[in-house]
Amino acid sequence: MALLKNLLSVDQLTDEVLMRLFASATSFQAMDRERMRDLLRGRVMASMFWQESTRTRLSHEAAMLRMGGSVVGTENARAFSSVAKGEDNFDMGLAIGIYADIIVARHMTKGGVAELARDAVTPVINGGDGPGDHPTQALGDMLHIFQHHGTLDNLTVVMAGDCKRSRTIHPDVRILMRHGCSFIFVSRPTLRIPDDLRAELDALKCKYSEQTALNRDIMRVADVMYMTRDQDNLTGGNGNADYTTGDPVVLTPDLLDIAKPSLLVQHPLPRRTEIDRRCDDHEIIPVRKHLRDQMDACFWGRHALIAELMRLDL
Ligand code: NCD
């Protein structure tokens, strides 16, 4: 049983790792706060965010603090770290690895967190690297699906919104495709899934289709509905026409009315207008509760991840 040394890519979330982290997250969820308080006493997390974040940063930091550890770092590393003076990610990682026992980082470029990890002697968690990966969100999303449906296998999963750039859709698909899930990608024509992901789906002979709007046929078969916002902050100033062509994908209460009652709605958040707010209190599929449970799963999943990287014996 190989324990994780860091978490940089969704490829590290094998089924064995996922099941182990799910079990650990579930025991954290039920753990007495007093007992939790001493687990990481005296240990330090460095939290370095080059890109904006609410949930990812605060949930890692709060998990560390609840386990008795401390947190140093910056929420605006772009302005307040030596990167602003021209330092590269390798030297930055080398330095932070001396001060901290674990690093969580979000970077604006793909591969930026892996560069930080190369010379750091401590475990590094990728909290999102530009348009690249977001493995801790995938961990929480999978835990949420597993807790709701009791399985990750053979589900019909709708991925809606920005199928082109969402760094949460891509890793989630990469896990679920191993589990015999079929996919319906729903997006503006300019925001279809990238060719590399399509090639991976084809290689595994996954069943999938690409659509431009949600409709009754999609709603009737969906087990998971994963909504995302336009990732217009990840375009690097280019590609903005992608967001004005065609119609946005919006989930409305009348669509929920015809869904399976067991449908799970997910959104990594933040959300804009892609979920009509009247869905929040839908009688059968209460979307706000689903989103809260998803954030909860991400939080406990991150406790489990930090515990594994710090070699805690629970
Ligand atoms: C996501 C991200 O940063 O990629 N947010 C998150 O971590 N929960 C999704 C998004 O920003 O749209």
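This text goes through a parallel sheet, the helices that pack on it, and a group of aromatic rings in a predicted model.

The sheet is open and has 5 strands in the order 7-6-5-8-9, paired in parallel. Its edges are strand 7 (208-211) and strand 9 (264-266), each of which pairs on one side only. From one strand to the next the twist averages 15°. At one end of the order, strand 6 (residues 182-186) is joined to strand 7 by 4 bridges in the parallel sense. Within these two strands, phenylalanine 185 stands opposite glutamate 210 of strand 7.

Two helices can be placed against this sheet. Helix 8 (residues 169-176) lies across strand 5 (156-160), strand 6 and strand 8 (224-227), and runs at about 165° to strand 5. Helix 12 also packs on the sheet, where it touches strand 8 and strand 9; the direction of helix 12 makes about 65° with that of strand 9.

Helix 12 (residues 287-309) has a further partner in helix 1 (residues 15-30): the two axes are 8 Å apart and meet at an angle of about 110°. Angles from 65 to 115 degrees count as roughly perpendicular, so helix 1 is roughly perpendicular to helix 12. On the side of helix 1, the contact is made by Arg20, Leu21, Ser24, Ala25, Phe28 and Gln29. Helix 12 contributes Asp296, Trp300, Gly301, His303, Ala304, Leu305, Ala307 and Glu308. By class, the residues of this contact are 7 nonpolar, 4 polar and 3 charged.

The aromatic rings lead back to strands 6 and 7. Over the whole structure, a search finds 4 aromatic pairs. One of them is stacked: phenylalanine 183 and phenylalanine 185 have 5.8 Å between centres and 15° between planes. Both residues are buried, because the relative accessibility is 1% for phenylalanine 183 and 2% for phenylalanine 185.

Phenylalanine 185 also pairs with tyrosine 208; here the centres are 6.1 Å apart and the planes stand at 70°, so the arrangement is edge-to-face. This pair links distant parts of the chain, since phenylalanine 185 belongs to strand 6 and tyrosine 208 to strand 7, 23 residues apart. How buried or exposed is tyrosine 208? With 23% relative accessibility, tyrosine 208 counts as partly exposed, because the buried class ends at 20%. Phe183, Phe185 and Tyr208 together form one aromatic cluster.

Conventions
Residues numbered from 1 in each chain as written. Predicted model: local features only at pLDDT ≥ 70, side-chain atom pairs only at ≥ 80, totals over all residues. Heavy atoms only, no water. Axes fitted to C-alpha atoms, helices over the stretch in contact; angles between N-to-C directions. Parallel < 35°, antiparallel > 145°, perpendicular 65-115°, else oblique. Contact = heavy atoms within 4.5 Å. Nonpolar A, V, L, I, M, F, W, Y, C, P; charged D, E, K, R; others polar. Pairing = 2+ DSSP bridges. Phe/Tyr/Trp six-rings, centres within 6.5 Å; stacked < 30°, edge-to-face > 60°. Buried < 20%, exposed > 50% of the residue type's maximum accessible area, 1.4 Å probe, protein only.
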